[in-house]
Amino acid sequence: MASLAKTLWVSKAQRVLYFQRACVSSCFVYTIAVKPVDPNQVAPNHKAGFVAVIGKPNVGKSTLVNALVGVKVAIVSPKPQTTRRVLRGILTRPDAQIVFVDTPGIHAPQHELGKTMVEAATGVVNDVDLVLFMTDGAQMPTDEDARIGKRLDEKCRVPVLLVLNKMDRLKPADVQAVTEAHFALVRYADWMRVSATRGTNLPKLLDQILARLPEGPELYPPDLVTDQNLQAITAELIREQVLLHTRQEIPHSVAVAIDEWEERREDLTHIAATIYVERESQKGIVIGAGGAMLKTIGQGAREQIEWWTGHKVYLELWVKVWEKWREREDRLRQLGLLE
Ligand SMILES: Nc1nc2c(ncn2[C@@H]2O[C@H](COP(=O)(O)OP(=O)(O)O)[C@@H](O)[C@H]2O)c(=O)[nH]1
Ligand SMILES: [Mg+2]
């Protein structure tokens, strides 16, 4: 798994660009090689394609992508707007390769960061073979769901599958009214009721997806589970721990950057990362009394980073204040949240 995570693959027509990371002190240098795909090796009727998962914040998009890929490629939290950028999770089977495109939740943005997140999410809709429009199927739909449905009706030219998630929470008495209200969200779409956390109906959903994908060779190498490199995953895993352990405005005010990445020994990677917050008071909360909170965050993240690296990690965390970073394009660029 470690070697997969360290490798970043990008597909382009029939060719795959192979990026291999080399570390030079704290900056990362990429070398590029080209590996052509042999069309003769492709199984007959093999399917391959991109499937975007879109919807309002917190409906379970990232949970679904993780469940279908079988590896946690996207962080998840009960707080809205956890996913900040588009990322891919790749499921490879003998008969198909499905590239799931996880997206930030579509909402009415209140700052520059929110704007770039919503633009990124809506921008993928016509770059894929299929759109999964996910809603919280345990509740009546909201105006946000209706706006997304309308946008899909107007703009989306690829098939849409309506996915009603969180069926484990749907009360039997509500089934008919809630389901009908969700059907009214999009003009025409097949649908599936699922529970991403329990895995209910996911094999059926996969069958529905496969039926709508084109035939073709693999788009990514078969052992790759995500297009993110290990530094990006690490920054996200640290941010996830902050989301889990803090409340109120902190989760939205936090960004994480990797400052140093050094493989000190074959079995030990030294990582230094900075957690950015917007105010001094938030810095105090993230550090906690006697550094207790930062320790908890570091421990939770380190265990998961070690799963990806396959060996020990020494994680050094710093907390710094970057006032109003979410409003500033230069900061968003530095964090890789804006191209
Ligand atoms: N009960 C229940 N909770 C779910 C389900 N799927 C996701 N969740 C929870 O919903 C919250 C948001 O999930 P996340 O995947 O981050 O949502 P996203 O913002 O749409 O990507 C998390 O607390 C998940 O555990 C589900 O099928 N049932
Ligand atoms: Mg998400």
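Here are legends for five close-up views of this predicted model.

**View 1. An open sheet built from six strands.** Reading across the sheet, the strands come in the order β5-β6-β4-β7-β8-β9, and their pairing is mixed. Two strands stand at the edges, β5 (87-93) and β9 (190-193); each has a single partner strand, so one side of each is left without a neighbour in the sheet. On average, and ignoring direction, neighbouring strands are turned by 25° against each other.

**View 2. The edge strand β5 beside β6, with a helix packed on the sheet.** Seven bridges link β5 to β6 (residues 96-102), and the two strands pair in the antiparallel sense. To find your way along this pair, look for I90, which stands opposite V99 in β6. Helix α6 (residues 202-211) packs on the sheet and touches β4 (47-54), β6, β7 (130-136), β8 (160-165) and β9. The direction of α6 makes about 160° with that of β9.

**View 3. L91, a residue of strand β5.** Is L91 buried or partly exposed? L91 is partly exposed: 18 other C-beta atoms lie within 10 Å, and a residue needs 20 or more to be buried. Leaving aside residues up to four places away in sequence, L91 touches L68, V69, I98 and F100. N66 is worth locating here too: 25 residues separate L91 from N66 in sequence, while their C-alpha atoms are 9.8 Å apart in space.

**View 4. Helix α4 and its two faces.** The 13 residues of α4 (residues 143-155) reach 18 Å from first C-alpha to last, close to the 18 Å expected at 1.5 Å a residue. Which residues of α4 are buried? They are D145, I148, G149 and L152. Seen down the axis of α4, these buried residues fall within an arc of 100°, so they line one face of the helix. An α-helix has 3.6 residues a turn, so residues three or four places apart point the same way. Among the elements covering the buried residues of α4 are β4, β7 and β8. On the face turned away from the buried side, you will find the exposed residues D143, E154 and K155.

**View 5. Helices α7 and α10 where they cross.** The axes of α7 (residues 230-245) and α10 (residues 292-309) come within 9 Å and cross at roughly 140°. The crossing is right-handed. From α7, the contact is made by L230, I233, T234, L237, I238, Q241, V242 and H245. From α10, the residues taking part are M293, T296, I297, G300, A301, Q304, I305 and W308.

How values were computed: Residues are numbered from 1 along each chain as its sequence is written. Chains are lettered from A and ligands numbered from 1 in the order in which they are written. This is a predicted model: local features need pLDDT of at least 70, side-chain atom pairs count only at pLDDT 80 or more; totals for chains, interfaces and linings use all residues. Two strands pair if DSSP finds at least two bridges between them. Helices (H or I, at least four residues) and strands (E, at least two) are DSSP runs, numbered from the N terminus. Axes are lines fitted to C-alpha atoms, for helices over the stretch in contact, and angles run from 0 to 180 degrees between N-to-C directions. Two residues are in contact if their C-beta atoms, placed from the backbone, lie within 7 Å. The expected span of a helix is 1.5 Å times one less than its number of residues. A residue is buried if 20 or more other C-beta atoms lie within 10 Å of its own, exposed if 12 or fewer, and partly exposed in between; C-beta atoms are placed from the backbone. The arc is that of the directions from the helix axis to the C-beta atoms. A crossing is left-handed if the near helix is turned anticlockwise from the far one by less than a right angle, and right-handed if clockwise.
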